[in-house]
Amino acid sequence: MTSGGATEPTFVRERPNPLLRFSLKLPVYLYRGPIAELMRSRCVLQLTTIGRKSGLPRKTCVSFMPLEDRIIVFSGLRGVKSNWYQNILANPRVTVKVGRRTFQGTAREVGDPALRRELIVRHRDRSHSCGPPTWIRPLLGRTKIFDYDNELRIAVENAESLPVVEIIPDTPQR
């Protein structure tokens with residue numbers, strides 16, 4: 001999925017604890033109506049890929065950043081081992097739900113390490129309006145459920161090897 005002599009993403013993390021895995025799967029079931037709009041406002045979209053082994057649709061929620069005519073998504077928590085990322089490598093056709101709007105598109109890896117860093121830093125700079133609300137972040141960190149600010153720090157430190165994917169919609173989005 002990379003073009004030319006670009007560096008392949010290599011970012012890998014250990015599997016999250018069971019509580020975090022559960023809390024990351026929960027948004028997939030809640031991504032409807034007003035809750036979908038709330039999650040969109042926190043920079044979370046629902047991504048449907050085709051399972052690389054099963055051939056079945058697989059839904060997940062991921063952090064995103066709109067950029068011109070496309071959507072940028074980040075694979076920070078599991079890096080190259082994220083199932084959705086592996087599915088995209090096998091089949092780049094995706095369905096994206098951003099709030100109440102759904103569209104089809106093609107996903108491709110951002111191969112340029114410098115561009116990956118730039119996109120991740122840009123996303124981090126928007127982090128006050130993305131991710132968990134700022135008032136709950138200390139509680140999530142202290143309870144070891146999810147340390148959002150630390151995750152952003154790790155993403156920036158590993159930006160050149162972190163998988164970043166751009167999704168190009170089949171039809172222009174307004």
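A residue counts as buried when its relative accessible area is under 20%. In this predicted model, Asn87 has a relative accessibility of 4%, and therefore belongs to the buried residues. Asn87 sits in helix α3, which spans residues 83-90. The side chain of Asn87 also meets that of Arg52 in a polar contact of 2.8 Å. Beyond its neighbours within four places in sequence, Asn87 is in contact with Thr49, Ile50, Gly51, Arg52 and Arg58. Arg52 thus appears both in this list of contacts and as the partner in the polar contact.

Attention now turns to the aromatic rings. To describe a pair of such rings, one gives the distance of the centres and the angle of the planes. One aromatic pair is found when the whole structure is searched. It is formed by Trp84 and Tyr85, whose ring centres are 6.4 Å apart and whose planes stand at 90°, so the arrangement is edge-to-face. Both Trp84 and Tyr85 are buried.

The nonpolar cores complete the picture. The largest nonpolar core holds 27 residues, and within this core Leu45, Leu47, Val73 and Ile167 touch the most other members. Val73 can be followed further: with residues up to four places away in sequence left out, Val73 touches Leu45, Val62, Ser63, Phe64, Trp84, Pro163, Val164, Val165 and Ile167. Trp84, a member of the aromatic pair, is therefore also one of the residues touched by Val73. Apart from the largest core lies another one, made up of eleven residues, including Met65, Leu67, Leu119 and Val164.

Definitions and conventions. Residues numbered from 1 in each chain as written. Predicted model: local features only at pLDDT ≥ 70, side-chain atom pairs only at ≥ 80, totals over all residues. Heavy atoms only, no water. Phe/Tyr/Trp six-rings, centres within 6.5 Å; stacked < 30°, edge-to-face > 60°. Buried < 20%, exposed > 50% of the residue type's maximum accessible area, 1.4 Å probe, protein only. Helix = DSSP H or I, 4+ residues; strand = E, 2+ residues; numbered from the N terminus. Polar contact = N/O pair within 3.5 Å; in protein donor to acceptor, adjacent residues only side chain to side chain. Contact = heavy atoms within 4.5 Å. Core = buried A, V, L, I, M, F, W, Y, C linked by side-chain atoms within 4.5 Å.
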